[in-house]
Amino acid sequence: MKPITWIKVLVFALSLIPAVRLVVGLFTGGLGANPVEFITHTTGTFALVFLMITLAVTPLRRLTGYASLIRLRRMLGLFAFFYVCLHLSTFVVLDHFFDPAAILQDIFKRPYITAGSVGFALMVPLAATSTAGMIRRLGGRRWQQLHRLVYFAAIAGVIHFLWLVKADLREPLIYAAVLALLLGYRIAVWRNAPWVKKRAARA
């Protein structure tokens, strides 16, 4: 087995640990006094963590020169979507018991839920087009343009967390700082791209 294959297997196994711990905790009473709140916070946290890791893959690949890192990006992005789906399912099933009226009321009444819903909606087409077949159908350029939605999904996710927290903003601000750093790196790379410099010279 190739080294990158072993790494993918290891990353896959590690990425499942938070979900496995939740399942074990559910059956052993290890989710604390408020299990719904614990599940909501855990799934939301790991959704953001995997989004940040996914966005970090390209900068790490460029900085380290380890090109094979790019082969982990799709899997990490799908794990971000997986934890977002668990987060949303907690909201729909455990918080509102499939009550569509209550769900819609919360989405439009509470800004942090609105932001989270926008983030989820932006991630749906990314997950749906993550296969090699969809890349071929869309074409590389259109696929790349579509998958820039991940930046806006991450921004919506951080805003969701910032608006959710009422007092101690340290944790969401850490995610905001990491996202700002990752987006800043991409903007710097984009501004130094040869085609950008040529366009600026012609202007």
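**View 1. Met123 is a buried residue of the predicted model, with a relative accessible area of 6%.** Because buried means under 20% relative accessible area, the 6% computed for Met123 places this residue in the buried class. Met123 belongs to helix H5, which covers residues 111-128. A second point for this view is Thr58, which lies 65 residues from Met123 along the chain, with 18 Å between the C-alpha atoms of the two residues. The model shown here and in the other views is predicted.

**View 2. Helices H2 and H9 pack against each other at an angle of about 25°.** Helix H2 is formed by residues 35-64 and helix H9 by residues 170-191, and the axes of the two helices are 11 Å apart. The two helices therefore count as roughly parallel, since angles under 35 degrees fall in that class. The crossing in which H2 passes H9 is left-handed.

**View 3. Leu10, Leu14 and Ile17 make a nonpolar surface patch of about 280 Å².** Of the residues in this patch, which include Leu14, the close-up is centred on Leu14, a residue of helix H1, whose span is residues 3-28. Leu14 has a relative accessibility of 48% and is therefore classed as partly exposed, because exposed would require over 50% and buried under 20%.

**View 4. Leu164 is a partly exposed residue with a relative accessible area of 35%.** Leu164 is located in helix H8, a helix assigned to residues 149-164. The value of 35% for Leu164 falls between the limits for buried and exposed residues, so the residue is described as partly exposed. Ile53 is included as a distant point along the chain, being 111 residues from Leu164 in sequence and, from C-alpha to C-alpha, 22 Å from Leu164 in space.

**View 5. The protein chain as a whole, given as context for the close-ups, contains ten helices and zero strands.** Read from the N terminus on, the order of its elements is α-α-α-α-α-α-α-α-α-α. Taken along the principal axes, the box filled by the C-alpha atoms of the protein chain is roughly 60 × 45 × 35 Å. The protein chain has 203 residues, and buried residues make up 35% of them; Met123, the subject of the opening view, is buried, whereas Leu14 and Leu164 are partly exposed.

Technical notes:
Residues are numbered from 1 along each chain as its sequence is written. This is a predicted model: local features need pLDDT of at least 70, side-chain atom pairs count only at pLDDT 80 or more; totals for chains, interfaces and linings use all residues. Side-chain values use heavy atoms; hydrogens and water are left out. Helices (H or I, at least four residues) and strands (E, at least two) are DSSP runs, numbered from the N terminus. Buried means under 20% relative accessible area, exposed over 50%, partly exposed in between (1.4 Å probe, protein chains only). Patches are made of residues with over 30% relative accessible area and no salt bridge: like charges are joined within 9 Å, nonpolar side chains (Val, Leu, Ile, Met, Phe, Trp, Tyr) within 5 Å. Accessible areas come from the Shrake-Rupley method with a 1.4 Å probe; for residues, only the protein chains shown count as cover. A salt bridge is a side-chain nitrogen of Lys or Arg within 4 Å of a carboxyl oxygen of Asp or Glu. Axes are lines fitted to C-alpha atoms, for helices over the stretch in contact, and angles run from 0 to 180 degrees between N-to-C directions. Angles under 35 degrees count as roughly parallel, over 145 as roughly antiparallel, 65 to 115 as roughly perpendicular and the rest as oblique. A crossing is left-handed if the near helix is turned anticlockwise from the far one by less than a right angle, and right-handed if clockwise.
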